[in-house]
Structure formats: C-alpha cells, structure tokens
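Trainee: I would like to look closely at one part of this structure and to understand how that part sits among its surroundings. Could you take me through it slowly?

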Amino acid sequence: NYFALFTLYTAMAVEFSGVMHSSYLIQNILSVASGKPIQSNEEPKSGFTFVFFWGRVLMSLAILGFCLAVTLSALFNGQTMMSVKYPNVPNGVSVFLFFFFMAIVGMLEGMQIAFFAVAKLPAEERGTSFFGKKTCDLLFKGNGENLPGFMIGRQLTVVFSFFLVASITGLNITPGEGENIFGISDGAQAFLNYGFHGAVITTILASITWQLAASAFPMAFLNNPVTYILLCIALFLEFTGLCAGAWVLARVEKKVQGLQYDEVYVGTPEERMANNHADKELTPDQDVGHLTGGGFTGHLCGSHDALDGPIKSKDAIDAAA
C-alpha cells in the first residue's frame, strides 16, 4: 500500500523536525517513575546524535511553552473563537473547559493503549480493583465485540472534544488592528490564526503524554473509575447507531480490497518457523507496562476479527485461525 508508505514518510518527517520531541522527555520521566526501561533497538545516543536529539527536545519544550502562553493569554483576554461562538461563557470557564476536554481526550487515548496492553493477560489478572474488574468484565464479555465498539464510541467522543478544543484554542485576532498577541508581527499573527499552536498542545498534552502514561501504567488506567465511566459512555454512543455505518464500510473495504488474514501474506506459524522467521513469544512480564505500547501477542497472525461476525468462545477463534 503506497499510500500507507507515504503516510509513514510524512510522519517520520514530522518526527524528525523535532516539534514533538518533548514527548521523549515525558517518556524518559515516566520510565524513571515506573522503574521500567524503555525498550528500543537503537544504540545509545552519543556525540552529535546526543546533542541533536536533546537540542530538539529543548526546542520542542520552548515551542510547547509558547503555544500554551498564546492559548492561555487569548483565553483570559477573550480573544479566542469561544467569545464568538459562545459569548455567554466566562473566560475562566473557557480555561477550565480547555483542560477538561484535553483530559477527556487524554483518558480515551490512554484507555485504548491500556485495553490492548492487558488483552493478552488471563481474565483473572486483568483487574486488581473493583472498577478494574468491572471495566474488564464489560470490555471483554460475550463475543468480544465491546472492544471494537468502544473504539467507535471513543472516536466519536474524541472528535466531539476536539471540535470544542478547536473553538477554545482558535484565535479571534485580526492582524493589523494593533491587538496582536504579545505584540508579534502581523505575519506571525496570521500564522497563529491557522491554529497550529492548538495542534501542538493537543498532540503532546492530550494524546502522546497519556498514551505513554498508559503504556507505563496500564493497570492504573484500568483501576481508575473514570475509565469505567468513559467506557460506558463510549459503548452507549456506539449503541445509538450514530456511527453504525463504520461496520458496513469496514466490511465493504475488506471485500473490495480483498483483505486477508496476515497468514495469507506472511505464511502460517509453521511456514514462518521453517523459513527462520518464527513468531517471538512475549510474556506479560516482558511486554505489559513497558514503554513500547501494547497489543495482542496471543494471535499474532490470522486472528479472528469482529468483521467475521460473532463468536462463541476462544476455541472458535483458534479453529478459525
């Protein structure tokens, strides 16, 4: 898929620019806080590579700090789109809503990481508290369709929250009228009016940070009562059918593109083993809670998915694979 390759190169270019490199500092802080090492195949940084990397981290921190200063200053001064779309909302409430909806998005981002990270664990090990057990019982019950159902409801909630955050962070300042924020030039003000400062803030503080935290502390996310509440909300939104077309379009895409299980492309486990490419088995202690993200390790290839319809048991998955 060449479009996927194009997307990969675009993402790598954005990463190389260093704008989001403050996320790596957060990753290192979480690694120290959790006592879990960062798993990486890269050699330790030294010399120019070390200086170049941490230089971009400092640059990213400066950019993030400036973006936050712009947003908060505009909010307190009533210079955002909130004053246009919702003129009756006080400036202080707008500031609260800014952090509130970023926290909601962050929780939903972290929840998907935590859910996939613990999916590989035995059922009795998935929750260590009252709300942790209730969350896992609801998420993994029945045919297992609540997990993709959560993804649908989660996405609807995230999009809704982002639209509100866009209104909160969007600037309502016309260049050339002497009201430019911090007295910057008209060209700089026109650039800020595009909203890139909001994109930087939400990407780092409402997405990446929470994903890294969930990767390091998946159980803490599961045991959080807010996780259970947001899961119920996401499943209710999916139940309403507002985004039920996603199931249909996914089936159509699967049919049109002729998508197959991974085994069709990379071979069965036996074939991979014969070719010296056997699957690498990871235990929960090796994978869960490490800062590499989480995912299924039980059925690496050929696993049953929700588009194949309901299943009755794990044995049915094994038989289908």
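Mentor: What follows is a close look at helix α3 and its surroundings, with a few other places along the chain added afterwards.

Please keep in mind from the start that this is a predicted model, in which the chain has a mean pLDDT of 80, with 80% of its residues reaching 70 or more. The chain contains 16 helices and 0 strands, and of its 321 residues, 36% are buried. Among the contacts in the chain with a separation of 6 or more, 78% are between residues 24 or more positions apart.

Helix α3 is a good place to begin, since confidence in the chain is highest there, at a mean of 94. The helix covers residues 47–76, and its 30 residues reach 44 Å from the first C-alpha to the last, which is close to the 44 Å expected at 1.5 Å a residue. Just after α3 comes Gly78, which takes a positive phi of about 70°.

Now consider which residues of α3 are buried: they are Phe53, Arg56, Val57, Ser60, Leu64, Cys67, Val70, Thr71, Ser73, Ala74 and Leu75. When you read along such a list, it helps to remember that an α-helix has 3.6 residues a turn, so residues three or four places apart point the same way. The cover over the buried residues of α3 comes from several helices, including α1 (2–17), α2, α5 (91–118), α7 (146–169), α8 (186–192) and α9 (196–216).

Let us take one of these neighbours, α2, and follow how it meets α3. Two packed helices are described by the angle between their axes and the distance between the axes. Helix α2 spans residues 22–34, and its axis comes within 7 Å of the axis of α3, the two crossing at roughly 105°. Because of that angle, α2 is roughly perpendicular to α3. On the α2 side the contact is made by Ser22, Tyr24, Leu25 and Asn28, while α3 brings Phe53, Trp54, Val57, Ser60, Leu61 and Leu64. Sorted by class, this contact of α2 with α3 has 7 nonpolar and 3 polar residues, and no charged residues.

The loop between α1 and α2 holds His21, and this residue also meets residues listed above. Leaving out residues up to four places away in sequence, His21 touches Glu15, Phe53, Arg56, Val57 and Ser60. Its relative accessible area is 1%, and therefore His21 is buried, the limit being under 20%.

Within helix α2 you will find Ser34, which counts as buried at 16% relative accessibility. Ser34 touches Ala216 and Phe217, once residues up to four places away in sequence are set aside. Although Ser34 and Phe217 are 183 residues apart along the chain, their C-alpha atoms are separated by 7.5 Å.

Another of the helices that cover α3, namely α5, has a crossing of its own to compare. The axes of α5 and helix α11 (residues 225–239) come within 10 Å and cross at roughly 95°, and α5 and α11 are therefore roughly perpendicular to each other. Ile104, Met107, Leu108, Met111 and Phe115 of α5 make this contact with Val226, Thr227, Leu230 and Leu231 of α11. By class, the contact of α5 with α11 has 8 nonpolar residues, 1 polar residue and no charged residues.

Tyr228 takes part in another pairing across the sequence, this time with Phe131 of helix α6 (residues 130–140). Phe131 and Tyr228 are 97 residues apart along the chain, and their C-alpha atoms are separated by 6.6 Å. Apart from its neighbours within four places in sequence, Phe131 is in contact with Leu222, Asn223, Pro225 and Tyr228, and with a relative accessible area of 30% it is partly exposed.

A further residue to look at is Phe182, in the loop between α7 and α8. Phe182 has a positive phi of about 60° although it is not a glycine, and its relative accessible area of 48% makes it partly exposed.

Finally, a word of caution about the end of the chain. Confidence is lowest in helix α16 (residues 314–320), at a mean of 43, and pLDDT stays under 50 over residues 283–321, for which the model has 84 contacts beyond four places in sequence. Where pLDDT is low, the predicted coordinates should not be read in detail.

Definitions and conventions: Residues are numbered from 1 along each chain as its sequence is written. This is a predicted model: local features need pLDDT of at least 70, side-chain atom pairs count only at pLDDT 80 or more; totals for chains, interfaces and linings use all residues. Side-chain values use heavy atoms; hydrogens and water are left out. Axes are lines fitted to C-alpha atoms, for helices over the stretch in contact, and angles run from 0 to 180 degrees between N-to-C directions. Helices (H or I, at least four residues) and strands (E, at least two) are DSSP runs, numbered from the N terminus. Angles under 35 degrees count as roughly parallel, over 145 as roughly antiparallel, 65 to 115 as roughly perpendicular and the rest as oblique. Contact means heavy atoms within 4.5 Å. Ala, Val, Leu, Ile, Met, Phe, Trp, Tyr, Cys and Pro count as nonpolar, Asp, Glu, Lys and Arg as charged, and the others, Gly among them, as polar. pLDDT is the predictor's confidence in each residue, from 0 to 100. The expected span of a helix is 1.5 Å times one less than its number of residues. Buried means under 20% relative accessible area, exposed over 50%, partly exposed in between (1.4 Å probe, protein chains only).
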